[in-house]
Amino acid sequence: MNNGLKITVFAAALAATFGTAYGVGRGADPLVSTGAHAPQQHSGHGATGRDGATGRDGAAEHGPGGLQISEDGYTLALDTPAVAAGGRTGIRFAIEDDAGRKVTAFRREHGKELHFILASRDLTEYRHLHPVRAADGTWSTSVDLPKAGDYRVFADFTPAAEGAENLTLGADLPVSGTYRPAAPPVARTTAEVEGYRVALGGELRAGRESELELTISRNGKPVTDLQPYLGAYGHLVALRSGDLAYLHVHPNDGGPGPAVSFTATAPSAGTYRLFLDFQHEGKVRTAAFTVEVEPSVRTRIGANGGHQH
C-alpha cells in the first residue's frame, strides 16, 4: 500500500443494553484503553481496494466497507462468540472462502498478513490487534476488556489469490459483565497520554480530501525521533459516532516527527473519534481526539436551493 491516502469506511448497527448487566457477546485484543486523559470515539489497515474514491456527490463511490461479515466470497468466521469483561481471554477466528475453507495465504501489508481492530459502541475502548495465524488458517489473539458492552471487530486483509482486492469484514462482539453507558465524547483536538501531548491540526471534511497534521511533544519539547510502527511513523483511524463508520488512513511521506500528516476524507457529516498510534522509545501509545464534521455544501444545498438527500 502507498503511504498516501488509504481509507476504508465501515458502518455497523448500534446495540446497547441499559441495566446493571450486559448479556453474552463476542470480542478482541488491546493496544490502549482511552480514559479521562485521552478523549475518545476506527480499522482495518488498508484501503479496501477502493482508496476512498468518491462519487460526484462526495459519498464513497463503492459504499462503506466493514458493514458485511461476508464480501467477495470471503467470510469473517468468529470461533469465539462471546467474552467476559474483567479478565484476559482468547479470541479465535478465521477467514473462509466461498467453499467454507479457511484461507491460509494473504498478502502482507505494513508487515502483517491481517490487521484486527476492536472498538466499543460507546467509543471508550479501542484496540489495534495483531493476531497470529496457525497453519490451518485459524487466527488467535487475546484481550483484556475492563468493561462490558457491545463491541465491533474488523478484519482488514488482502487474500493472496490472483486479482483479489483488500477487504475489511466486520462482526459484532458483545462482552458480558456489569454495564454502565458512558457519556458521548466531547469535541477535543489535543490529547495527553503518558506524558506526551498530541495536537491535531487541520479539518476533517465530508466528501473532500483534507490534510490532518498531528504534532507530538513531551515536557514541552517536540519529539523528533519517532520510531516506525508497522513501517510508518503513525497510524490514524477514525470512527463515526453512532454507526461506527470507519476510516483507516495511512500517513503521507515525512520524517520521524514532531508532526505526522495524513490525507483523509470523511464519508459524511457527523461526530468522529480519531485514534493515532505512534511509537517512541520502544513503546506504542495511542492518542484520541473527537471532531465534528460539517455537511459539505453539495450535500446541504441542491442546485435549486433545496435540501439534498
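User: Let's start with one residue. In which loop is Thr80 found?

Analyst: Quick heads-up: this is a predicted model. Strand β4 covers residues 83–84. Thr80 sits in the loop between β3 and β4.

User: Is Thr80 buried or exposed?

Analyst: Buried means under 20% relative accessible area. Thr80 comes in at 13%, so this residue counts as buried.

User: Which residue's backbone nitrogen does the side chain of Thr80 reach?

Analyst: The contact has a distance of 3.0 Å. A polar contact needs N or O atoms within 3.5 Å. The backbone nitrogen that the Thr80 side chain reaches belongs to Arg92.

User: How many bridges join β3 to β5?

Analyst: β3 is residues 74–78 and β5 is residues 88–96, and the two run antiparallel. As one example of facing residues, Ala77 stands opposite Ala94 in β5. The number of bridges joining these strands is 4.

User: Which strands are the edges of the open sheet that holds β3 and β5?

Analyst: That sheet has 5 strands with antiparallel pairing, in the order β2-β3-β5-β9-β8. An edge strand pairs on one side only. Here the edges are β2 (70–71) and β8 (132–133).

User: Zooming out, how many helices and strands are there in the protein?

Analyst: The protein has 309 residues, and 51% of them count as buried. On the outside, about 13000 Å² is exposed, with carbon and sulfur atoms supplying 48% of that area. As for the elements, the protein has 1 helix and 20 strands.

User: Which residues of the largest nonpolar core touch the most other members?

Analyst: In soluble globular proteins, nonpolar side chains tend to be buried together. The largest nonpolar core here has 28 residues. Strands that each supply at least two of its residues include β13 (196–201), β14 (210–218), β19 (270–280) and β20 (283–293). The members touching the most others are Leu204, Tyr272, Leu274, Leu276, Phe278 and Phe289.

User: How many residues are in the other core, the one with Leu76 and Phe116?

Analyst: This core lies apart from the largest one. Its members also include Ile95 and Val143. The size of this core is 25 residues.

User: How many residues lie between β19 and β20 in their hairpin?

Analyst: β19 and β20 run antiparallel, joined by 11 bridges. In one of these, Asp277 has Thr286 in β20 as its bridge partner. β20 is mostly covered, with 9 of its 11 residues buried. In the turn, Glu281 has a positive phi of about 55°, and the number of residues between the two strands is 2.

User: Leu230 and Glu194 have positive phi values too. Which of them is buried and which is partly exposed?

Analyst: Most residues other than glycine have a negative phi, and most peptide bonds are trans. Glu194, in the loop between β12 and β13, has phi of about 50°, while Leu230, in the loop between β15 (221–222) and β16, has phi near 55°. Their relative accessibilities are 48% for Glu194 and 16% for Leu230. So Glu194 is partly exposed and Leu230 is buried.

User: Which two residues does the cis peptide bond join?

Analyst: The omega angle of this bond is about 5°. One partner, Pro258, lies in the loop between β17 and β18. The bond joins Gly257 and Pro258.

User: On to the aromatics. Is the pair Phe106 and Phe157 stacked or edge-to-face?

Analyst: By the ring-pair rule there are 7 aromatic pairs. In this one, the ring centres are 5.9 Å apart and the planes meet at 85°. Planes over 60 degrees apart count as edge-to-face. So Phe106 and Phe157 are edge-to-face.

User: How many residues apart in the chain are Phe106 and Phe157?

Analyst: Both residues are buried. Phe106 is in the loop between β5 and β6, while Phe157 is in β10. Their separation along the chain is 51 residues.

User: What about Tyr126 and Phe275: is that pair stacked or edge-to-face?

Analyst: Both of these residues are buried, with Tyr126 in β7 and Phe275 in β19, 149 residues apart. Their ring centres are 4.1 Å apart and their planes are at 5°. Planes under 30 degrees apart count as stacked, so this pair is stacked.

User: Which residues do ring pairs link into a cluster?

Analyst: Phe106 and Phe157, the edge-to-face pair, both belong to this cluster. The full set is Tyr74, Phe93, Phe106, Phe116, Trp139 and Phe157.

How values were computed. Residues are numbered from 1 along each chain as its sequence is written. This is a predicted model: local features need pLDDT of at least 70, side-chain atom pairs count only at pLDDT 80 or more; totals for chains, interfaces and linings use all residues. Side-chain values use heavy atoms; hydrogens and water are left out. Buried means under 20% relative accessible area, exposed over 50%, partly exposed in between (1.4 Å probe, protein chains only). Accessible areas come from the Shrake-Rupley method with a 1.4 Å probe; for residues, only the protein chains shown count as cover. A nonpolar core is a set of buried Ala, Val, Leu, Ile, Met, Phe, Trp, Tyr and Cys residues joined through side-chain atoms within 4.5 Å. Two strands pair if DSSP finds at least two bridges between them. A polar contact is a pair of N or O atoms within 3.5 Å; within protein, one must be able to donate a hydrogen and the other to accept it, and residues adjacent in sequence count only if both atoms are side-chain atoms. Rings of Phe, Tyr and Trp (its six-membered ring) pair if their centres lie within 6.5 Å; planes under 30 degrees apart count as stacked, over 60 as edge-to-face and the rest as tilted.
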